[in-house]
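Student: I should like to take a close look at a single part of this protein. Would you please begin there, and then set that part in the context of the whole chain?

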Amino acid sequence: MRIATWNVNSIRSRIDRLEAWLQRSDVDVVAIQETKCRDDQFPHDRLKGLGYEVAHYGLNHWNGVALLSRVGLDDVQLGFTDVPGWGDPVAPEARAIGAVCGGVRVWSLYVPNGRTLADPHMPYKLEWLATLKRNAQQWLAEDPAAQVALMGDWNIAPQDDDVWDMAYFQGRTHVSPDERAAFQGFLDAGFVDVVRPHAPGPGVYTYWDYTQLRFAKRQGMRIDFVLGSPALAGRVVGAAIDREERKGKGASDHAPVVVELED
């Protein structure tokens, strides 16, 4: 089974590229982030026409997450228990959707961007991650053999190798000690970064800003991850970042990340 995660940065703008990539990559399950649309605007029919069941969680033109699966899509969950909210009035955002696909509990996650270290979004981001970790720990406590994939745009570069220049990022989000500690908390809880062993750095990224020719200059960040439970990590036989998909007209600023699981 092949599972993947991809921040498409607006599915309505990227649907042609997504369709072509799905046909070319032959993936069974895809976690998508930043759909940037309501459910009634999501291209359900076009994706179902490719043989995928679809679950989408989108409230407006911001955020939005989805799951596509051709190996089953059961027990869909919008958000996780006690998920923090944002706004006035405070309400949950469309940042997490989970379902059982081919026996794996897959989560598509779009972790909040802290914006700046002093912005109110930073404590929101850390609270969101802490709550997700508590949920993930509970899932493993209830069933240590559970197959769980936490997939998506984490908006964190957990290692120095995960950014093109640490000096440039000093004092910025994504690399702060608090954010890195939050990411490490999932590893300490038993989850495994299943892609890094197959695609080690430095210079291996999943995101390149559109401005200042960042992609052409290879000035990127590694912020999209698949964290697997111990049982799932034991099934991983390969993984790759599809950097080619960041090229060309109309590309997302993120590249897909693909993981190969043995039966």
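**A close look at one part**

Tutor: Lys36 is partly exposed, because its relative accessible area is 22% and buried means under 20%. Please keep in mind throughout that the model is predicted. In the chain, Lys36 lies in the loop between β2 and α2, a helix covering residues 44–48. Its backbone deserves attention: phi of Lys36 is positive, at about 55°, although the residue is not a glycine. To see why this is worth noting, recall that most residues other than glycine have a negative phi.

On the other side of β2, Asp26 occupies the loop between α1 (11–25) and that strand. Its phi is near 60°, again a positive value in a residue other than glycine. Asp26 is partly exposed, since its relative accessible area is 43%.

The strand that borders these loops, β2 (29–33), is one of the elements giving two or more residues to the largest nonpolar core. That core has 34 residues, and those with the most contacts inside it are Ile3, Val195 and Val259. Other elements that give two or more residues to it include β3 (53–57), β4 (65–69) and β12 (257–261). Leaving aside neighbours within four places in sequence, Val259 is in contact with nine residues' worth of surroundings that may be listed by name: Met1, Arg2, Ile3, Val194, Val195, Val226, Val236, Gly238 and Ala239. A second, separate core of 23 residues includes Leu109, Val148, Ala182 and Leu227.

Another contributor to the largest core is β6 (96–101), and Gly98 has its place in this strand. Gly98 is buried, because its relative accessible area is 0%. Not counting residues up to four places away in sequence, Gly98 touches Leu67, Asp75, Val76, Gln77, Arg105, Val106 and Trp107. Gly98 and Gly79 are 19 residues apart in sequence, and their C-alpha atoms are 7.5 Å apart in space.

The loop that leads from β5 (74–78) to β6 contains Pro89. The peptide bond joining Asp88 and Pro89 is cis, with omega of about 5°. A cis bond also joins Gly201 to Pro202, with omega near 5°, and Pro202 is found in the loop between β9 (192–193) and β10 (224–228). As a general matter, most peptide bonds are trans.

Helix α3 (residues 121–142) holds Tyr124, which counts as buried because its relative accessibility is 4%. Its contacts, apart from neighbours within four places in sequence, are Pro84, Gly85, Trp86, Glu93, Arg95 and Pro112. Along the chain, Tyr124 and Trp86 are 38 residues apart, while 7.6 Å separates their C-alpha atoms.

Finally, consider the whole protein. There are six helices and twelve strands. The radius of gyration is 17 Å, close to the 18 Å that the globule rule gives for 263 residues, so the protein is as compact as a globular protein of that length. Buried residues make up 57% of the 263 residues. Among contacts between residues at least 6 apart in sequence, 71% join residues at least 24 apart. The exposed surface is about 11,100 Å², of which carbon and sulfur atoms supply 49%.

Methods:
Residues numbered from 1 in each chain as written. Predicted model: local features only at pLDDT ≥ 70, side-chain atom pairs only at ≥ 80, totals over all residues. Heavy atoms only, no water. Helix = DSSP H or I, 4+ residues; strand = E, 2+ residues; numbered from the N terminus. Rg over C-alpha atoms; globule rule 2.2 N^0.38 Å. Buried < 20%, exposed > 50% of the residue type's maximum accessible area, 1.4 Å probe, protein only. Contact = heavy atoms within 4.5 Å. Areas by Shrake-Rupley, 256 points an atom, 1.4 Å probe, with all protein chains shown as cover. Core = buried A, V, L, I, M, F, W, Y, C linked by side-chain atoms within 4.5 Å.
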